[in-house]
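Okay, thanks for making room for me today. I'll put the structure up and then talk through the contact between the chains, a sheet, and a salt bridge.

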Amino acid sequence: MKKTIIEIVKTLNVDVVYKELSDPKSGGICVFVGTVRDFTNNEEVISLEFETYKVMAIKEMQKIANQAIDKWNLNKVVIRHAIGGKGVEEPVVVIGASSGHRDACFTACRYMIDTLKETVPIWKKEVFKNKTVWVSAHP
Amino acid sequence: MELLFFGIAKDIVGKSSIDLSKNSSLPKSVEDVKLFLTKKYPDFSKLSSLAIAVNSEYAADDVVLNDGDEIAIIPPVSGG
């Protein structure tokens, strides 16, 4: 079975990730889910809109997964990101790892989400009542 | 040679791609692309950062460009 699942999808199903990461050699499975928060700087968020440069995003996500597998000897990795419009409480990203012991998958998940936010070409626009803002675009 | 724009870069330019193949002088390097963009669209200078990908890999300023390259303009990313 394939060691990594790397996907960009319209609708994120968080229920499948446990089975995808389940592995006889793993004593721990760790999953991070990023979701839409209702307020940014005291302003009510209506929704987030994600877009991507897909061919490059998949490559960069695969690089992150490979680095994490090499570094922490993971058994399985899932990196799955949603695009399009997402409302409050909806999941937008799922990062998961399974490993022999818990330390490795905890640390690896943290590394993978932090690196994804720095390098993967995905952009999010916050939609407020009266304006929209591309996140992190300006200093 | 095609330039692709994403996120706020698409808003600044007003479209998602520009075909440069009919231009008389093509940018020769990644740095040339950045100079071309910031001169034509000053709003690019206001961004927190501006990266360029050549054929879907991040490319440094001194990378030389070829006619068929796909060049993507990468404003600050904000996934997750």
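So, salt bridges between chain B and chain A: the count is three. Keep in mind that this is a predicted model. In one of the salt bridges, the side chain of B:Lys10 meets that of A:Glu51, with an N to O distance of 3.1 Å.

Which elements of chain B give two or more residues to the side that touches chain A? Those are α1, residues 7-13, then β4, 57-59, and β5, 70-74. The one that gives the most is α1(B), with four residues. If you sort that side of chain B by class, you get 11 nonpolar residues, seven polar and five charged.

Now the contact as a whole. Chain A puts in 28 residues and chain B puts in 23. About 2100 Å² is buried between the two chains, and carbon and sulfur atoms give 54% of that. On the polar side of things, 20 residue pairs are in polar contact across the interface, counting pairs where both residues are at pLDDT 80 or more.

Okay, let's move to the sheet in chain B. What's the strand order there? Reading across, it goes β2-β1-β5-β3-β4, so to speak an open sheet of five strands with mixed pairing. At the edges sit β2, residues 17-19, and β4, each pairing on one side only. From one strand to the next, the twist averages 30°.

You'll have noticed that β4 of chain B has come up twice: as an edge strand of this sheet, and as one of the elements on the side that touches chain A. β5 of chain B is on that touching side as well, and in the sheet order it sits between β1 and β3.

Let me zoom in on that β3 neighbour. Strand β3 of chain B covers residues 51-54, and its pairing with β5(B) is antiparallel, over four bridges. If you want a residue to click on, take B:Ala51, whose bridge partner in β5(B) is B:Ile74.

Last bit: salt bridges again, but over all chains. The structure holds 11 of them. One to look at is in chain A, where the side chains of A:Arg80 and A:Glu7 meet at 2.7 Å, N to O. That pair links distant parts of the chain, 73 residues apart: A:Arg80 is in strand β5, residues 76-82, and A:Glu7 is in strand β1, residues 4-9.

That's what I had, so over to you for questions.

How values were computed
Residues are numbered from 1 along each chain as its sequence is written. Chains are lettered from A and ligands numbered from 1 in the order in which they are written. This is a predicted model: local features need pLDDT of at least 70, side-chain atom pairs count only at pLDDT 80 or more; totals for chains, interfaces and linings use all residues. Side-chain values use heavy atoms; hydrogens and water are left out. Contact means heavy atoms within 4.5 Å. Buried area is the accessible area (1.4 Å probe) that two parts lose on being put together, summed over both. A salt bridge is a side-chain nitrogen of Lys or Arg within 4 Å of a carboxyl oxygen of Asp or Glu. A polar contact is a pair of N or O atoms within 3.5 Å; within protein, one must be able to donate a hydrogen and the other to accept it, and residues adjacent in sequence count only if both atoms are side-chain atoms. Ala, Val, Leu, Ile, Met, Phe, Trp, Tyr, Cys and Pro count as nonpolar, Asp, Glu, Lys and Arg as charged, and the others, Gly among them, as polar. Two strands pair if DSSP finds at least two bridges between them. Axes are lines fitted to C-alpha atoms, for helices over the stretch in contact, and angles run from 0 to 180 degrees between N-to-C directions.
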